[in-house]
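Hi,

Here is the structure I promised to pass on. Have a look at it first, and then read my notes below.

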Amino acid sequence: MTEGHREELADVLRLALVPGVGPRTRKALLERFGSSAAVLQALPSQLRETPGVGAKLAAKIAAAREELDIEREIELCRQAGVSIITDADPAYPQPLRSIPDPPAVLFVRGSWQPRDAVAVAIVGTRHATPYGLRQAERLAGSLARAGLTIVSGLARGIDAAAHRGALAAAGRTIAVLASGVLNIYPPEHAALAEQIVAQGALISETPPRTEPLSGMFPQRNRVISGLALGVIVVEAGQRSGALITARHALEQGREVFAVPGRIDDRSSAGCHQLIRDGATLVQSPEDVLEELGPLTSPVPHDEGRVVHHPAELLLNDVEKRVLDAIGSDATPIDSLVGATGLSIVQVLATLSVLEMRHLVRRLSGTTVMRL
């Protein structure tokens, strides 16, 4: 990192971490002054000309360069292997750019990959029943095997079950924390967090050692929904934080799904209310995949390609070539040899992989069709 880039990063962090400067206020300040450095250099009287900035907040911003030890945070991240991703960075998760209040900066342990843009969030109560835990784990595992990344919040109950389901299926999973990524909450999920780092990422808006604060949990829920194409709620009481995530999803234009439970179980009351209000009822992973429909590939070397099923994101170039040559009607296997330039042995081996991923079906020994 060059000296100039490091100073620019430090200014972005300083402004983003000033207490009281939320995403919307930061946006207004940048529109007024042009850059984080210019905001930090402005006089309090100039800062107060920005909507939402009063005398107290203006004083905090003006004092940020002296009072916030950003260099220590940057060095801590470097030593601990924590990536700092600002909204100006190409590595910033693309789905978050479309929400009304994207985080200015993300602290990441592990890695967010472009394919993680094809994700669903699974959230629910911390006080889950055995039924809820089973459904969360089952759905997460099946959707992960189908190629989707599973996003949740590492909380007790449904969140943890969703992460475990994705991990058990060797899929990718993202945990969005209300604490810092080096201060795991709840503490008994420290081992689970390490597994997530190996197969996905821990993400937070706050510096790595930040303690969890009650006010941060509703705020992080907008990031959970913002990273996903849709939110699945599995068991939620009528005051559950999972319903806040569902509300964020609606505001962000994401799909909302709900798993029904027993009608006399209070832990399912929130899910039933969501279904009455128009959320898609989920009985199986296919309900989710069908509702999401065809997608556009987020992978850079494949960008713009229509993806009919998330499992297509897991295919190599040969597998994609064979799949693209198969129609929705009966396609002779012999014609695939000519269309792809592959040998019959390669085509047959590739068809076996595509069948295993539930992307094609053999109609006979000589024909195949796309699902």
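A term to start with: I call it a salt bridge when a side-chain nitrogen of Lys or Arg is within 4 Å of a carboxyl oxygen of Asp or Glu. One such pair is Arg362 with Glu355, at 3.3 Å from N to O.

Some ground rules before the rest. This is a predicted model, where local features need pLDDT of at least 70, side-chain atom pairs count only at pLDDT 80 or more, and totals for chains, interfaces and linings use all residues. Residues are numbered from 1 along each chain as its sequence is written, and side-chain values use heavy atoms, with hydrogens and water left out.

**Salt bridges**

The count comes to 14 salt bridges. For cover, I use buried for under 20% relative accessible area, exposed for over 50%, and partly exposed for what lies in between (1.4 Å probe, protein chains only). By that scale Arg362 is partly exposed at 30%, and Glu355 is partly exposed at 28%. Elsewhere, salt bridges with shared partners link Glu7, Asp11, Arg14 and Arg65 into one network.

Within that network, Asp11 pairs with Arg14, and their closest N and O atoms are 2.9 Å apart. Helices (H or I, at least four residues) and strands (E, at least two) are DSSP runs, numbered from the N terminus. Asp11 and Arg14 are three residues apart in helix H1 (residues 3–16), so about one helical turn separates them. Both Asp11 and Arg14 are buried.

Another pair is Arg26 with Asp87, again with the closest N and O atoms 2.9 Å apart. Arg26 is in helix H2 (residues 23–33) and Asp87 in the loop between S1 and S2, so this pair ties together parts that are 61 residues apart in sequence. Arg26 is buried, at 8% relative accessibility, while Asp87 is partly exposed at 26%.

**The sheets**

I say two strands pair if DSSP finds at least two bridges between them. There is an open sheet of nine strands in the order S1-S2-S6-S5-S4-S3-S7-S8-S9, with mixed pairing. Its edge strands are S1 (83–86) and S9 (280–281), each of which pairs on one side only. S1 runs antiparallel to S2 (residues 105–110), with four bridges joining them; Ile84 has Phe107 in S2 as its bridge partner.

How many residues of strand S7 are buried? In S7 (residues 230–234), five of its five residues are. Gly230, Ile232 and Val234 point one way, while Val231 and Val233 point the other way. That fits a general pattern: in a regular strand the side chains alternate between the two faces of the sheet. S7 pairs with S3 (residues 119–124) in the parallel sense over five bridges, one of the partnerships being Gly124 with Val234. Five bridges also join S7 to S8 (residues 255–259), running parallel, and Val233 stands opposite Ala258 there.

There is also an open sheet of three strands, ordered S12-S14-S13, with antiparallel pairing. S12 (331–332) and S13 (360–362) are at the edges with a single partner strand each, so one side of each has no neighbour in the sheet. Three bridges join S13 to S14 (residues 367–370). Arg362, from the salt bridge with Glu355, stands opposite Val368 in S14.

**Cysteines**

For your gels: a search of the whole structure finds zero disulfides, taken as a pair of cysteine sulfur atoms within 2.5 Å. Cys77 is buried at 2% relative accessible area, and Cys271 is buried at 0%.

**Helix residues and a surface patch**

Contact here means heavy atoms within 4.5 Å. Ser36, in helix H3 (residues 36–41), is buried at 8% relative accessibility. Leaving aside neighbours within four places in sequence, Ser36 is in contact with Asp11, Val12, Leu15 and Leu30.

Pro285 is in helix H14 (residues 285–292) and is buried at 9%. Not counting residues up to four places away in sequence, Pro285 touches Arg138, Leu139, Ser142 and Leu143.

Best wishes
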